[in-house]
Amino acid sequence: MKKVISVVGARPNFMKVAPIYHQSKYAHFKHLIVHTGQHYDYNLSDSFITALDLPKPDYFLGVGSGTHSQQTARIMIEFEKVCVAENPDLVIVVGDVNSTIACGLVAVKMGIKLAHVEAGLRSGDRTMPEEINRIATDSISDYFFITEEDALANLRKSGVPEDRIFFVGNTMIDSLVKSLPKIEESKILKKLALKPKEYVLVTLHRPSNVDNKESLTDFLEVFRQISKRTKIVFPMHPRTIQRIKDFNLDYHYEQIDGLIITEPANYIDFIKLMQNSKMVLTDSGGIQEETTFLDIPCLTLRTTTERPVTIEFGTNILITPDKDLIIKTFNYALDNPIKRKSIPPLWDGNAAKRIIDIISQKILC
Ligand code: UD1
């Protein structure tokens with residue numbers, strides 16, 4: 001029997017891999033899950049495994065945090081041992097995190113076929129670690145599963161043969177669609193004493209936004225201003241919590257009336273919070289897609305996006321993270337909420353089925 005390994009490592013990987021794993025139960029190959037341990041906190045890892053009905057990973061590499069090179073290198077050393085022991089026919093990596101490129105490199109150096117899910121996205125900003133991971137992973141992959149048409153153009157431009165690219169849709173949206181009944185049951189609004197549509201949801205963790213004091217101080221002012229008009233719910237990433245402490249800003253953040261800071265939310269609660277918010281402010285990648293699907297206005301606090309379909313079809317507006325500009329745009333967007341034009345093509349909850357069909361009929365046949 002043929003064997004496939006899917007890699008998860010960091011929070012955004014779980015919802016991309018889960019539908020592929022579930023769909024593979026109907027396929028004629030053995031499917032193993034390897035968790036690199038890039039994210040290890042319960043809130044960033046295990047809570048997602050539970051929420052998405054994933055099994056305990058077959059291998060947990062436990063690499064943890066470190067510099068990018070340390071983390072990437074440790075993942076490579078450990079993942080190579082797994083590949084030697086299991087000798088898979090195909091490795092599947094998703095997204096753009098360090099685990100993606102690290103395991104991709106191991107596969108290609110061992111002559112194992114490599115499939116990249118969410119391939120071809122480009123922000124054009126090489127200062128983002130994720131952009132380097134995307135370019136590098138796409139340069140070594142054999143098969144490219146893409147979520148939007150811009151990815152097709154990007155891959156064509158870099159010379160990828162057409163018959164290796166498969167426009168399948170978005171497995172993250174598969175997870176969202178499948179989880180809707182559970183999301184309906186979430187008690188998070190009650191727990192935080194919130195009513196639907198009385199708050200905006202914020203996430204912030206990108207190094208360019210949180211790794212310096214000036215920027216985090218500017219956001220303090222942004223939240224002060226915004227909180228005059230609405231409650232704010234801010235599930236905080238461990239990196240952001242740490243930086244706020246490092247820069248002695250925690251006292252100031254705690255003083256803002258109406259700013260509700262919580263631990264990172266589990267997947268189900270987070271989507272519930274998103275679905276019932278007036279607007280989302282974020283610097284994340286995937287959240288731009290989820291808000292587009294749910295038709296919730298999204299202000300993305302970055303200068304570029306690798307997901308242009310969320311602007312073209314969806315609810316996403318890019319804003320350079322400048323204090324005054326954010327406040328001005330926020331006020332405008334609150335009074336004039338942007339509506340989705342349409343759900344992007346193939347974001348229909350069936351992307352994983354297309355992927356498994358292609359793997360079964362074209363890759364492992
Ligand atoms: C990573 C991804 C990013 C993704 C994000 C989602 C890369 C390059 N970046 O960023 O694309 O949007 O995950 O969360 O792969 N930490 C904990 N507990 C954990 C994990 C991390 O406290 O379980 C802390 C550590 O102090 C660590 C820091 O967060 O040094 C950053 O973690 P890391 O995995 O390096 O990158 P993220 O910022 O989480």
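Author: Helices (H or I, at least four residues) and strands (E, at least two) are DSSP runs here, numbered from the N terminus. The model is predicted, so local features need pLDDT of at least 70 and side-chain atom pairs count only at pLDDT 80 or more, while totals for chains, interfaces and linings use all residues. Residues are numbered from 1 along each chain as its sequence is written, and side-chain values use heavy atoms, leaving out hydrogens and water.

Reader: Okay, which strands stand at the edges of the sheet?

Author: The open sheet has 7 strands with parallel pairing (strands pair if DSSP finds at least two bridges between them), in the order S3-S2-S1-S4-S5-S6-S7. Two of these strands have a single partner each, so one side of each is left without a neighbour in the sheet. They are S3 (59–60) and S7 (165–167).

Reader: What angle does helix H3 make with strand S1?

Author: H3 (residues 68–86) packs on the sheet, touching S1 (2–8), S2 (29–35), S3 and S4. Take axes fitted to C-alpha atoms, for helices over the stretch in contact, and compare N-to-C directions on a scale from 0 to 180 degrees. For H3 and S1 that gives about 165 degrees.

Reader: Is Leu273, in helix H13, buried or exposed?

Author: Leu273 is found in H13 (residues 267–275). Leaving aside neighbours within four places in sequence, its contacts (heavy atoms within 4.5 Å) include Ile188, Leu192, Tyr199 and Val233. Its relative accessible area is 1%, and the cut-offs are under 20% for buried, over 50% for exposed and partly exposed in between (1.4 Å probe, protein chains only). So Leu273 is buried.

Reader: Where does the largest nonpolar core lie?

Author: A nonpolar core is a set of buried Ala, Val, Leu, Ile, Met, Phe, Trp, Tyr and Cys residues joined through side-chain atoms within 4.5 Å. This one has 56 residues, and Leu90, Phe145, Tyr267 and Ile359 touch the most other members. Domain 1 (2–170 + 347–363) and domain 2 (180–335), with bounds from an automatic or database domain assignment, both give residues to this core, so it lies between domain 1 and domain 2.

Reader: And how many disulfides does the structure hold?

Author: A disulfide is a pair of cysteine sulfur atoms within 2.5 Å. Take Cys103, which is buried at 0% relative accessibility: its closest cysteine sulfur, in Cys83, is 7.5 Å away, too far for a bond. Cys365, by contrast, is exposed at 69%. The number of disulfides is 0.
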